[in-house]
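Me: I'd like to learn how to read aromatic and charged side chains in a model. Can you walk me through this one?

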Amino acid sequence: MNLFEYTISELRRLLVRKELSPTELTEALFSRIAEVEPKINAYNYINHERAIERAKTVNVDLPLGGIPIAIKDNINVRAEPCRCASKILEGYLSPYNATVIEKLIKAGAILVGRTNMDEFAMGSSTENSATGLTKNPWDLQRVPGGSSGGSAAAVASHEAFCALGSDTGGSIRQPASFCGCVGLKPTYGRVSRYGLTAFASSLDQIGPLTKTVEDAALLLEVISGFDPNDNTSEKMPVPRFSELLETLSLKNMVLGVPKEYFIEGIDGEVREAINKAIAHFESLGAKIEEVSLPHTPYAVATYYILATAEASANLARFDGIRYGRRSKHYEDLLDYYGKTRDEGFGSEVKRRILLGTYVLSSGYYDAYYLRALKVKEKIKQDFSSVFKKCQALLTPTSPFCAFRIGEKSNDPLQMYLADIFTIAVNLAGICGLSIPCGQSTEGLPIGLQIIGPAWKEEVILALGHLYQKSTGWKPPIPPLEKT
Amino acid sequence: MEYEAIIGLEVHVQLKTQTKLFCGCPIEYGALPNSRVCPICLGLPGALPSPNKQAIILTIQTGLMLGSEIAPRGKFDRKNYFYPDMPKNYQISQYDQPLCKGGAVQLYPLAFPKDAQKDPQAQSRKKIRLVRIHLEEDVGKSFHFGDYSGIDFNRAGTPLMEIVSEADIRSPEEAFAYLTALRQILRYGNVSDCDMEKGQLRCDVNVSVKPIGEEKWGTKCEIKNLNSISAVRKALKYEIQRQIHILELGGEISQETLRWDDLKGQTFPMRTKEYAHDYRYFPDPDLLTILTEGELIEEAQKRIPELPEEKKQRLSQHYGLTEYQASVLASDPQLADFFEKAAAQSANKVSVANFLINDYLAVASESETAIPIPPEYFSELSNLVDQGKLHMKQAKEIVKLMVTEKKSPTLIVQEKGLAQITSLDTLDAICKEAIEANPKSVADYRSGKTAAINAIKGYVMKKTKGQANPKIVHELLEKKLHELG
């Protein structure tokens, strides 16, 4: 077995027993990157030298001591670019570490590089990137999903053992599902957002993308916790997620299957794979119950009002005055703003800024923004009433498998529907996990989404872990070919 | 036709906190440009605001001091507009849920400009009601150098409190008095130093005029960014006349935003484009709702000192001062404290007050806020006068010397040989001499013209270079004249 195939938990055992040095491990990963990256293009930036320097001195007894990790390009690392895959942040170097980065460094992790994404996390295919396309390791003609497509593709193709992504409407779970790896969106407030370049502040969460659920638990444990620098992070105790994986009993457990998530238009093979996974949980002793989340049909519209409204203000700071790319030809201040932003932002970002500006405009605020806030509450209530009856929900992560590059890029509405099953979790502020649960006949991964109540990551992680253990999950090696 | 003005004020006050509103950067006036900044106040990607509790407490305290209703839940909103001195291109402010609603500022005669303190309007004891008080962050400062501009972000993120009055003000003098009274309360509460030169108190003014008796208000104009209380008065005087003049000529006032040119003494329209905004306010998703009940309000309450009106009443009742004396002393809490310390050790409280008001304030330097000498000096001085060891004219001279030389009155008296001659033996001899030297006055006195004693007394005072205690001299002379039969 090649070193790059290992999971974090396996590597931890080798490192602690000194059977493997962090330097050897890091070098092994870099040779895998050298081999695979030309086909996948998962990274926007790699810092080989810095990683090796770090590997030489890192303490392997720390929780992630010596484990290399990839970081999504919207999370700030001191002295590294933080481009958010945008032209407008060309040449920008961040002067500070995000809270999660501080935590990773303290835990002994080695930062390898920064992964590609949809510009400012706006997209579901990583096609909206100013730094080029990332390919799906299972079929190089297909997208890896998005917006954390680089992180998912890197983990799935074993050019990263684990990665951080961010999830505003499904941006961790959907690419994890498309690439066949594990992705977790923690409860809103679980992980500090300080240092995550904001897309939609009330929905954004940083989370792990890993090869196994066990690894996701390890990583979540490290990055979680209250942060005085993030007013929206919660003072909640952080359970030892990795130690709670085996403690779950399916006896007396009710798993809900929301009927609104099995709609027309869902791919047949996806439906089949999910039903099989549901049956598997039933065979393990869980009680399966159909439930209803009646406001599900409004989730996408609600999301695109709230997220774009917040984004229109969050992205206002990119004006070329203090940092980033600036237009060279302009007449006056207003023209300078206009040209800098016109040249710097891609079309999807512009579309969302326009949408967000519109819904906040005087005369439209009540009809759109205020109403969307009310629907968000309804969606939240849907989940809380369902979680009185069951401990978690089982749904597809995405209605379809990875689509072809260019297939949906000219149809924003079709693209928005790729997140139809993930968006409500962000609106409700709860947690969701995507794990691989089979393949299509074309060999494309299918993702099962396990949704849990707020602050119950240990439940969905334990369910995911149980599924992987009982099905004998081994992170596969994708073909890295065009099919 | 007679016109009246309708005026409302929006006052921005820089709160006296150690650090900025949403980050830990120190607030320091005059620091090297862009040396007091961090990712948060520069609006770098990913940086998040964390509210400064002290700023919230100071705002609530202000509300409590001004009788506002404190909102149980306060909320921060984003006010969106592009400007180079605004790092995020939105300002974190409060829109529909300000921390404080209502309240009022009480006007009093001394708050009016000196030349208007005798006017009936200064005696009216009017209350100017408040609409709201909210908390927001300041922006940076732009500098223009020939063909380029620079921005200093040291000020960006400084906590500002915006106090909005109702349109209760009717004259430039009332506006002056409102600001003076408001500033006094803010200084009392140690909420802000309100140093206008440092931009710690800035003011926007809304003004319209209408013929007296008319119900409908006229079209209002806004004068932005006035940075001294006297500029507010001057700008309003000018602007009211300008509007009346237009109306008298049959014209119409157009609603506009103006700026005041202090040198030219005129208001000028600003480019209207600059302020034609849809700010697209919405709740800032980075910040939680502020729950004021409990700790925040309790902390704010603890900080509330005795307020000017209460202090005035207490001073006048407790020390037997006139309203004027109490007002002057209470105008500055430090002066009032100083008075109370000095009065504590003095038999004659009113005389201590008079020395402070009439003599000390006349020589005190404007720039120095703290009184440079201990309060005991004033008790000593008033006691010396009371015991007849100094007369009033000498005491007044000594106040000046106390301040300039920073010496106690006893020491000054010794050094200058100013002490009164109270020794009975010495005075007895001089009085005897005086009677012998003034036979005519003695005869007059004995024939019933008692006022003639003054001439004899004058001789004694002249002889002693004014140092004789007049009271003792008077008694001695009377006694001697009676002895003469």
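Reply: Sure. Keep in mind that this is a predicted model. Let's start with a cluster in chain A: Tyr92(A), Phe120(A), Phe318(A), Tyr323(A) and Phe345(A) are linked by ring pairs.

Me: How many aromatic pairs are there over all chains?

Reply: The count comes to 28. A pair of aromatic rings is described by two things, the distance of the centres and the angle of the planes. Take Tyr238(B) and Trp260(B): their ring centres are 6.1 Å apart and the planes make 55 degrees, so this pair is tilted, as angles from 30 to 60 degrees are.

Me: Which parts of chain B does that pair tie together?

Reply: Tyr238(B) belongs to helix α4 (residues 229-248) and Trp260(B) to strand β14 (residues 257-261), so the pair joins parts 22 residues apart in sequence.

Me: Is Trp260(B) buried or exposed?

Reply: Buried, because its relative accessibility is 13% and the cut-off is under 20%. Tyr238(B), at 25%, counts as partly exposed.

Me: And what about charges over rings?

Reply: Here you look at where the charged end sits relative to the ring. Arg32(A) has its charged end over the ring of Phe4(A), 4.1 Å from the centre. Lys408(A) lies over the face of Phe400(A), with 4.3 Å to the ring centre.

Me: Where is Lys312(B) placed, and what does this lysine touch?

Reply: Lys312(B) is in helix α6 (residues 308-319) of chain B. At 8% relative accessibility, Lys312(B) counts as buried. Leaving out residues up to four places away in sequence, Lys312(B) touches Tyr108(B), Ala326(B), Ser327(B) and Ala330(B).

How values were computed:
Residues are numbered from 1 along each chain as its sequence is written. Chains are lettered from A and ligands numbered from 1 in the order in which they are written. This is a predicted model: local features need pLDDT of at least 70, side-chain atom pairs count only at pLDDT 80 or more; totals for chains, interfaces and linings use all residues. Side-chain values use heavy atoms; hydrogens and water are left out. Helices (H or I, at least four residues) and strands (E, at least two) are DSSP runs, numbered from the N terminus. Buried means under 20% relative accessible area, exposed over 50%, partly exposed in between (1.4 Å probe, protein chains only). Contact means heavy atoms within 4.5 Å. Rings of Phe, Tyr and Trp (its six-membered ring) pair if their centres lie within 6.5 Å; planes under 30 degrees apart count as stacked, over 60 as edge-to-face and the rest as tilted. A charge sits over a ring if NZ of Lys or CZ of Arg is within 6 Å of the ring centre and within 35 degrees of the ring normal.
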